[in-house]
Structure formats: C-alpha cells, structure tokens
Amino acid sequence: PYVNKNNSATMGDDQILFTKPLDASNAVTSNPNIPSVSASAVLGESESMPDDHPICKGHDFEASRSIDGIMDSMLTSGFQATNLGKAVNEIKRMRKWRLSDTEWKEGDDEALRDPDLRKRIRSRIFFAYTSNQISCGQREVIKFIVKNKMVDVIVTTAGGIEEDIIKCFEHTYMGDFKLKGKELRKKGINRIGNLLVPNKNYCKFEDWVAPIISKMHDEQDAKWLEQARKLASNGCEDEELKPFSFTPSEFVARLGKEVDNEESVLYWAARNNIPVFCPALTDGSVGDMLYFHSYKRPGFVLDIARDIRNINDLSVQSHCTGQIIIGGGLVKHHTCNANLMRNGADYSVYINTGHDFDGSDSGASPDEAVSWGKIRITADPVKVVAEASLVFPLIVSQTFAKDVACWKDEVDGTLCWVGDE
C-alpha cells in the first residue's frame, strides 16, 4: 500500500499487502522527521494472533533434563525441531488408529459392521529405509522395531539386505569422511561416509550366499521337473503348467532364516513373517553373486512381477495405511507407489535431506505425493529434513520404544484387513 496526498491508505494494482496508516495521535506519526509512508510501512498495526495459537518456546533445562522433556519441547522450538515433533505425533496416530474411530454407516461393507471387529482393525505400517541405515548404527534401532513386530511391510535396497548379513560375520569400523579413496583402495578397504568396510567382509558374505543360491536353484528345478512330469502324465488338457520361481522377497526371507543370527534385521523379519521387498535386489553384492552364478549354472529365476503384486495387494487390502520412509530414491517411490493403489496412505512421515528444486522423487515433498494420489488428500503428512541417524533414534524413543508391553497387549488379536483372519 501507499499513502496518498490525503494521507489515506490506497491499494494499488501491484500491491499484495494492505497496511493501515498509523493513527494520527500516534507519537511516531506525529513526528515530522518520519515520512508518513515509512511510518505506515515499518510500524503499521498488525492483526492480533488468536489466544490459543502456539508460541515459540524452547526447552527449559532448569525444569527438565530428560530426553522425554526435550522431545516434548520440539513442537514449539521451530524449524526442523517442530517437524521432528510433528513426526512423533504422526507415528503415534498411525499406530493408534482403529477402524472403530469411524462409525459404520449405511452403504458401508456389511462385513465391517460389528463394533468389536472394528476395534480390532488397525493400520498397516509400511517401513522403508535405504542401505546406509543398515551400514551405520541405525541397524540396531531398526532391529528393535522389527524384532518386536512393530511394522508390517519393509522396503529396502540391496545394500540394506547384504549389509545386515555381512554384519553377522564381520564388523564395520569407524573411519572419517576425509580418508582418501586412493589410499583405502590400495588397502582393500571400502568407505561408506565415515565408516570402513574391509573387502574380506564381502568375501565372507559371498562365500556364505553362493551355496544358498545353488540350493535354491536346485529346489526351483526340482519343482519345475515335478510340474513337467504331472503335465506329461495328465495331458495338457487336464492341468496347466505353472512354472515355479522364488520372488526377491522370498529370497530375502530365506537369507534371514539361513543366517540364524538374532543380531540380524532379516532374521527377525523372517521369524515374524514381515515381508521385505527389495525390487532392486541385483544392485549390489547379491547381484554380483547372481551374475557369477549365471555363468556357472544359468537358469535361476527371481520373479519380480509376483512381488509387485504382493506389495500392492498388501496396500489395497488395508483399511488404513501408514508409511515411514527414511531416505529417498527407490525405497521412497516403491512404498508410495504401492499406497497409490489404494488412493494414498493415511499417515506419512518422510525423513531425508532431499530438496525438490531438481524435480527428483527423492526430494519431492509430501504435498507432491498428494498430487499423485500416493498420500490421501485428507492426510497431514510430515517431512523432517535431517540426516536420519540423528533424528530417527529420537523418534523411536518417543513412539515404538514407549510402553512396549502395553502396546503388545493392545495389538494382540488385531488385524489390518478383514480378510486376514
């Protein structure tokens, strides 16, 4: 706005903010040394904030020095601290949701009318993470969640598979971001950020996994031969030939069972029947081993098409879904795309450092996912822009790690889909 010769406020066509001039009795306005237009622009009156509007206030260490107290203050600290507090609340909501939160009405599925059944139906939680989360100490945090069966579906990369198994055999060591790659290469040591992984770790993994691939290949061929014999004996008109192949998620579950190590995330996923989807399983050491195996003995098949059916069905066959996605790239899109099949997730938390200026899906905001139908338009998703090893343990301390025994009692006998019984 500007002030005209009559000292009245005017809204020009190119103005976007209307500011009233100061009252004539105002001491600033009456000062002849201050132009009225400047007084109005700089010191104009503002609207009052609602009485119940949150105020910015950080943590008072005189009052509390506990992690719970610090985390409680995050919501009103501002910036990413506030988003961290919102992420905690979003995860609490997705874990607390029950179908009974919404009353049955005429036109709804008759099978969902029973109030007791509605109280038992909870959200299905999708949990996705990139491989670096397993390479670092976040693996132990993730293991706690999976061991206690606090998520229902896992999506990760090839590194998220092999690094978990490798740590069952050999250690990953602390290093430094500034260590020179040339010198490390000469020593046979690989660097992941400020972590160090000797080549022998991967050699041990490959020595362990190669016989498993061969054994699974034997099982695949035996089933193929069995089906071929049935087809030959019954004739083509009596029985359709259905070739058998393992899926990547079945392959991963097999690794979890074979490693038989309670320090492993995959061990607990297999034991708790939590599917681990890895659509890019070949993008890593596992892929190297499948490549080498193909020269020794061609013909081993992993059926990725059946896995996309499986993860999408888990999404569609859910009365409510939540998604917690650490990192970007494949795991973020694969999880969100599965939830697209049901017109979006009801609850969502992103944790990554990506930005949307380059149009990448990794940096895309939750609101962009809303435009695609990957997150529901009624949702209140949260993105925490932070390095996950800093913030995810804090989030877990206020959600999954709270009142574990009580939570297990609450979810006992629950289901995610009425057809799961």
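Me: Two strands are taken as paired if DSSP finds at least two bridges between them. In this predicted model, which residue of β9 stands opposite Tyr129?
Reply: Strand β3, which covers residues 124-129, pairs with strand β9, residues 321-326, in the parallel sense and over six bridges. Tyr129 falls within the range of β3, and the residue standing opposite Tyr129 in β9 is Ile326.

Me: Which are the edge strands of the open sheet that contains β3 and β9?
Reply: Six strands make up this open sheet, with parallel pairing and in the order β8-β4-β3-β9-β10-β11. An edge strand here is one that pairs on one side only, and the two strands to which this applies are β8 and β11.

Me: At the β11 end of that order, what handedness does the unit made by β10, helix α15 and β11 have?
Reply: Strand β10 (residues 347-352) and strand β11 (residues 382-385) run parallel and are joined by four bridges, with Ile351 standing opposite Val384 of β11. Helix α15, residues 366-372, completes a β-α-β unit with these two strands. The handedness of that unit is right-handed.

Me: Three strands form another open sheet, in the order β5-β7-β6; which of them stand at the edges?
Reply: The pairing in this three-strand sheet is antiparallel. Two of the strands have a single partner strand each, so one side of each is left without a neighbour in the sheet, and these edge strands are β5 (173-174) and β6 (189-192).

Me: Which residue of β7 stands opposite Asn190?
Reply: Strand β6 runs antiparallel to strand β7, residues 195-198, and four bridges join the two. Within this pairing, the residue that stands opposite Asn190 is Val197.

Me: Turning to the aromatic rings, how are Phe127 and Tyr129 classed as a pair?
Reply: Ring centres must lie within 6.5 Å for a pair to be counted, and by this rule there are eight aromatic pairs. The centres of the Phe127 and Tyr129 rings are 5.3 Å apart and their planes meet at 55°, so the pair is classed as tilted.

Me: Are Phe127 and Tyr129 buried or exposed?
Reply: Phe127 and Tyr129 belong, together with Phe392, to one aromatic cluster. A residue under 20% relative accessible area is taken as buried, and Phe127 has 1%, while Tyr129 also has 1%. Because of these values, Phe127 and Tyr129 are both buried.

Me: What angle lies between the planes of Tyr291 and Tyr295?
Reply: A pair of aromatic rings is described by the distance of the centres and the angle of the planes. Tyr291 and Tyr295 are four residues apart in helix α12, which is about one turn of the helix. Their rings lie 5.3 Å apart, centre to centre, and the pair is edge-to-face, with an angle between the planes of 85°.

Me: What is the area of the nonpolar surface patch made by Tyr291, Phe292 and Tyr295?
Reply: Patches are made of residues with over 30% relative accessible area; Tyr291, at 46%, counts as partly exposed. Tyr295, in helix α12 (residues 285-296), counts as exposed at 63%. With Phe292, these two tyrosines make a nonpolar surface patch of about 400 Å².

Me: What is the phi of Phe79?
Reply: Most residues other than glycine have a negative phi. Phe79, placed in helix α3 (residues 79-96) and exposed at 79% relative accessibility, has instead a positive value, near 55°.

Me: Where does Asn273, which has a positive phi although it is not a glycine, lie?
Reply: The phi of Asn273 is about 55°, and with a relative accessible area of 67% this residue is exposed. As for its position in the chain, Asn273 lies in the loop between α11 (265-271) and β8 (276-277).

Me: What distance separates the C-alpha atoms of Leu117 and Arg98?
Reply: Leu117 has its place in helix α4, residues 115-120, and is buried, with a relative accessible area of 9%. Arg98 is 19 residues away from Leu117 along the chain, and the separation of their C-alpha atoms is 9.9 Å.

How values were computed:
Residues numbered from 1 in each chain as written. Predicted model: local features only at pLDDT ≥ 70, side-chain atom pairs only at ≥ 80, totals over all residues. Heavy atoms only, no water. Patch = residues over 30% accessible without salt bridge, like charges linked within 9 Å, V, L, I, M, F, W, Y side chains within 5 Å. Areas by Shrake-Rupley, 256 points an atom, 1.4 Å probe, with all protein chains shown as cover. Salt bridge = Lys/Arg side-chain N within 4 Å of Asp/Glu carboxyl O. Buried < 20%, exposed > 50% of the residue type's maximum accessible area, 1.4 Å probe, protein only. Right-handed = clockwise from strand over helix to strand, strands pointing away. Phe/Tyr/Trp six-rings, centres within 6.5 Å; stacked < 30°, edge-to-face > 60°.
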